[in-house]
Amino acid sequence: MRLQCTMSGTAIQTLKLAAIPVSTSPSRLIFWPVTKTLTATLVSRHNHTQRPPFTLLVRALSVQAVQATEITDSRKVVKPQWKAAIDFKWIRDNKEEVAANIRNRNSNANLELVLKLYDKMLNLQKEVERLRGERNAIANKMKGKLEPSERQKLIEEGKNLKEALMTLEEELIKLRDKLQGEAQCLPNMTHPDVPIGGEDSSRIRNLVGRQREFSFPVKDHLQLGKELDLFDFDAAAEVSGSKFYYLKNEAVMLEMALINWTLSEVVKRGFTPLTTPEIVRSSVVEKCGVFYARLQVYSIENSDQCLIGTAEIPVGGIHMDSILPESMLPLKYVAFSHCFRTEAGAAGMATRGLYRVHQFSKVEMFILCRPEESDSYHEELIKLEEELFSSLGLHYKTLDMATGDLGAPASRKFDVEAWMPGLGRYGEISSASNCTDYQSRRLGIRYRPSESPSTNPKKGNKSNLAPTQFVHTLNATACAVPRMLVCLLENYQQEDGSVIIAEPLRPFMGGILHISPKSR
Amino acid sequence: MRITVDEYDVVSVILSSFLSVFVSALRPLCRLPSATNPMMGLQSTSIRTLKLAALPVLISSSSQFVFRTVTKTLTAALVSRQRPRFTLLARALSAQAVQAAPAAEISDNKVLRPQWRAAIDFKWIRDNKEAVAANIKNRNSNANLELVLQLYDKMLNLQKEVERLRGERNVVANKMKGKLEPLERQKLIEEGKNLKEGLMALEEDLIKLRDELQGEAQCIPNMTHADVPIGGEDSSKIRNLVGSQHEFKFPVKDHLQLGKELDLFDFDAAAEVSGSKFYYLKNEAVMLEMALINWTLSEVMKRGFTPLTTPEIVRSSVVEKCGFQPRGENTQVYSIEDSDQCLIGTAEIPVGGIHMDSILPESLLPLKYVAFSHCFRTEAGAAGMATRGLYRVHQFSKVEMFILCRGEESDSFHEELIKLEEELFSSLGLHFKTLDMATGDLGAPAYRKFDIEAWMPGLGRYGEISSASNCTDYQSRRLAIRYRPSESQSTTNPKKGKSNLAPTQFVHTLNATACAVPRMLVCLLENYQQEDGSVIIPDPLRPFMGGISHISPKFR
């Protein structure tokens, strides 16, 4: 159970007050998202003693009704693990647009239900506020000198009010949980330039190079890999299961070279390199909105943890529950990790060889920035991808993916599909998404605009701090190794059965120029 | 439970039904005298899974698939259908008295079967029981040798009884082939029925007994090299001491402080996102990790090792066969929910598994692999131990060496591995000592283990950075990795029958850390720290880091 959320005055917020000086800074330790086991005990202990100061603090700090996390007296209801800071008012005020967006994206979110629950909740909340007011009035009356019978009457009245209030508050909590559940299904809004329709409607943005012509029969990467002794799928099927593999010999060096070359190219452009945990809490996966619905995730037994399907998850999580100073933005990361996917439901899809596998290495770019900049960083990311793939001499097209092909978090997504001559088709090798504030509203990542004169924090009056805003997040594949191996092997195969190494990778492979059949 | 049926399983089901026809046609041809094979006699109800790697065999193309290990979910369904024909086939194919590990023993019985069997040499254990008992004592193992021997005797007796009853049943069956009085026939039918029932009961007992025997016997640790010092960790013997403690003219920082000042890791964010003892590497630490991996791989490859990257999710049975415990309270292994898979704690597991259920031609040996993988460990029960910073973490990168070789060569390859480790760590300028670990400190699979402990000035102590173990045939008897000595004239015509093939033998396996990245980062940062707060990169790694020579504090 995680501490709970606000909207009303009983709530507190958990802030990772990254670079913000606050008077009650120890709060960081106390209200830090606590692990499941600890929360229950902490709640009751800190509830009464500490609630008031935080309520004030929140009010002072936030101009906005952000639901970060909340504490309530009711411990019997099972609380959701976390809450997204969904802007319900905005949704209500823009319901036609939201409805059209849901339709365009083939989402099964239920907007009507969300709005109905929201109205119901607002009414209930008003009622709760009214009863609280009455209870306070009675409490105030009782401070004065009173006839015993009068006092008895007030006590009775107060008791009744308290009971009614408790019931309503419990209802309110349940209603909020339900509202959250429904509202979390709403997809992100869509960039106006995105073509509306199914996958066929995706628009080609760019076309680079052309299909190489071969004067000999083309092999696919599986056959090349077999002849050059580069993978072992059979042993992996025994040891691990189908769609696992060992890389062998030059394939190992090629993987390392791809990772190293990509990292160094992207780092040159000002990105901070990272390696990430590959086991994360399931809640972080949910907050990134990535595979939750598709059950693409390997879960760890007897824990709340799972394996990452992409480094986007741990990198998205690195600033979770933080308020960043504007001066730190943009934050540009490039992360190397292994990725794990169950590929449940992929039975009918292209699964030959390395194209769709359970485990792979990937270099992923991730940007956190101010909202007004996310479109231009999206362009920067797709340009960077195109540069990388062009340097490797690949023939590819860049697509502006249609609404029907967007995952819930993406406002817009550019895919790169490269020509794979052995497979005889274009295959997706990367994807660059602008998730605007969809992830940051779930991960709780905000920034504090710096124009405010927030010079002296000790003064205690925070009214001169600018209100925080949610950052925008973007992610983009720099190099998904197995698909890149497919491209490199199939495009650079030679008539004699060897494969030439793309030039930029040679310095990272000890200078070797090609992979030749081994004599064994 | 996972519903997915992987491709091989489907293939095996299809092929096995096809093969059943084929095999029943072959049945009369295949029946070889099983009397030449005492251990096969023991296991007459069992089958073997053979990945007939390089062996030319009669039905090689399909048998490979048919005998594939089947996943848990499917085994139950396959069980009853396949026993009889596999029994015969196994007899026909094997010329040898090995108790090969039937990967999934098959029976009609309702008892939950072990997924696999170790090819434990019970006869050898019985004949050497004093040595085995002393070894168990020296290694502080809680294996119960008395029980193993008792169960073994019991099983032998039960088996004789079963054989006797089978003989009687056959006699009855033969009698019934002739012309008989109806009354006489009725009597024989009755007799045969009784014998069959008695036999079934005994066979069930036998299966249970074998399972119990396996369970107990699998706890017996490997035997120990004669030179290994006997005793607890303190008794470990120093083999070698390289370099000396670097003297610092300034207050020494530990790697955590250095990492903080140089912005190299983030444990706090990882604690939020993943849990404690997880971490992000940042900035130069990422480049240093990549450089360590690349440099190590290239150095080890130069010495003739084949590079690999491995699956990091493997079947739990493979973990068990390598001698690790994937279940239980204090397991170091992360399991995947709703599956029979788990995460590897070391690349030793998937590399050990790469030749599982194979018979290798001798000419292929030694096989030397160097594998890069990420490793995952729960570190359950490590609460009280040195856990600061990168020293003990849940996930890390590691380059691991693995050798499969003939039995008589494993000692010399063990020496080669420890020399190679020493060369690597010397090139990086580390001060370390090499230890011949005492019996009390050996895991069950190791016959002998050399550890390297390097000086970590910030932590102010020596810390283990690598380990090289000779597991002799402990793992190969579980993973069923054998080789066929080449002196036999097996080249000519495989169709002729197998009598001219030399008997197979179990390979020996060895494993050794080439580079466990986080501990290496501790060593490098703490040993190469400078007074100005920077850290110098050791020479061999510089070409792998774009030529940078040191890590300096960043401005932000």
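The following exercises, each with a worked solution, concern a predicted model with chains A and B.

**Exercise 1. Describe the overall make-up of chain A and of chain B: secondary structure, burial, contacts and exposed area.**

Solution.
Step 1. Begin with secondary structure. Chain A contains 14 helices and 17 strands. In chain B there are 16 helices and 17 strands.
Step 2. Turn to burial. Chain A has 520 residues, of which 58% are buried. Chain B has 556 residues, and buried residues make up 58% of them.
Step 3. Consider how far apart in sequence the contacting residues are. In chain A, among contacts with a separation of 6 or more, 76% involve residues 24 or more positions apart. For chain B, 76% of the contacts between residues at least 6 apart join residues at least 24 apart.
Step 4. Finish with the exposed area. Chain A exposes about 22000 Å², with 52% supplied by carbon and sulfur atoms. The area exposed by chain B is about 23600 Å², and carbon and sulfur atoms supply 53% of it.

**Exercise 2. Compare the UniProt annotation "coiled-coil region" with the secondary structure of the residues it covers in each chain.**

Solution.
Step 1. Locate the annotation. In an unreviewed entry, UniProt assigns "coiled-coil region" to residues 92–178 of chain A. For chain B, the annotation, also from an unreviewed entry, covers residues 126–212.
Step 2. Examine the span in chain A. Residues 92–178 are 85% helix and 0% strand, and the end C-alpha atoms of this span lie 17 Å apart.
Step 3. Examine the span in chain B. Residues 126–212 are 85% helix and 0% strand, with 17 Å between the end C-alpha atoms.

**Exercise 3. Determine whether strand β9 of chain A is enclosed or open to the outside, and identify its partner strands.**

Solution.
Step 1. Count the buried residues. Strand β9 of chain A spans residues 359–369, and eleven of its eleven residues are buried, so the strand is largely enclosed by the rest of the structure.
Step 2. Check each face of β9(A). On one side, A:Gln359, A:Ser361, A:Val363, A:Met365, A:Ile367 and A:Cys369 are buried. On the other side, A:Phe360, A:Lys362, A:Glu364, A:Phe366 and A:Leu368 are buried, and both faces are therefore covered.
Step 3. Recall how strands are joined. Strands of a sheet pair through backbone hydrogen bonds, in a parallel or an antiparallel manner.
Step 4. Identify the partners. Strand β8 (residues 331–340) of chain A runs antiparallel to β9(A), and ten bridges join them. In this pairing, A:Lys332 has A:Ile367 as its bridge partner. Strand β15 (residues 472–480) of chain A also pairs with β9(A) in the antiparallel sense, over eight bridges. Here A:Cys369 stands opposite A:His472.

**Exercise 4. Describe the surroundings of A:Thr398.**

Solution.
Step 1. Place the residue. A:Thr398 belongs to strand β10 (residues 396–400) of chain A.
Step 2. Decide whether A:Thr398 is buried or exposed. The cut-off for a buried residue is under 20% relative accessible area. A:Thr398 has a relative accessible area of 0%, so this residue is buried.
Step 3. List its contacts. Leaving aside residues up to four places away in sequence, A:Thr398 touches A:Arg203, A:Ile204, A:Arg205, A:Asn206, A:Ile382, A:Glu386, A:Phe414, A:Asp415 and A:Val416.

**Exercise 5. Classify the ring pair of A:Phe231 and A:Phe233, and describe the burial of both residues.**

Solution.
Step 1. Note the total. Over all chains there are 13 aromatic pairs.
Step 2. Apply the geometry. The ring centres of A:Phe231 and A:Phe233 are 5.9 Å apart and the planes stand at 80 degrees, so the pair is edge-to-face. The cut-off for this class is over 60 degrees.
Step 3. Check burial. A:Phe231 has a relative accessible area of 10% and is buried. A:Phe233 is also buried, at 19%.
Step 4. Widen the view. A:Phe231, A:Phe233 and A:Tyr245 form one aromatic cluster.

**Exercise 6. Find the edge strands of the chain B sheet β7-β13-β14.**

Solution.
Step 1. Read the order. The three strands form an open sheet, β7-β13-β14, with mixed pairing.
Step 2. Identify the edges. In chain B, β7 (358–361) and β14 (505–506) each have a single partner strand, so one side of each lacks a neighbour in the sheet.
Step 3. Inspect one pairing. Strand β13 (residues 481–484) of chain B pairs with β14(B) in the antiparallel sense over two bridges. B:Arg482 has B:Phe506 in β14(B) as its bridge partner.

Technical notes
Residues are numbered from 1 along each chain as its sequence is written. Chains are lettered from A and ligands numbered from 1 in the order in which they are written. This is a predicted model: local features need pLDDT of at least 70, side-chain atom pairs count only at pLDDT 80 or more; totals for chains, interfaces and linings use all residues. Side-chain values use heavy atoms; hydrogens and water are left out. Rings of Phe, Tyr and Trp (its six-membered ring) pair if their centres lie within 6.5 Å; planes under 30 degrees apart count as stacked, over 60 as edge-to-face and the rest as tilted. Buried means under 20% relative accessible area, exposed over 50%, partly exposed in between (1.4 Å probe, protein chains only). UniProt positions are given in the numbering used here, feature names are shortened, and annotations may be inferred rather than shown by experiment. Helices (H or I, at least four residues) and strands (E, at least two) are DSSP runs, numbered from the N terminus. Contact means heavy atoms within 4.5 Å. Accessible areas come from the Shrake-Rupley method with a 1.4 Å probe; for residues, only the protein chains shown count as cover. Two strands pair if DSSP finds at least two bridges between them.
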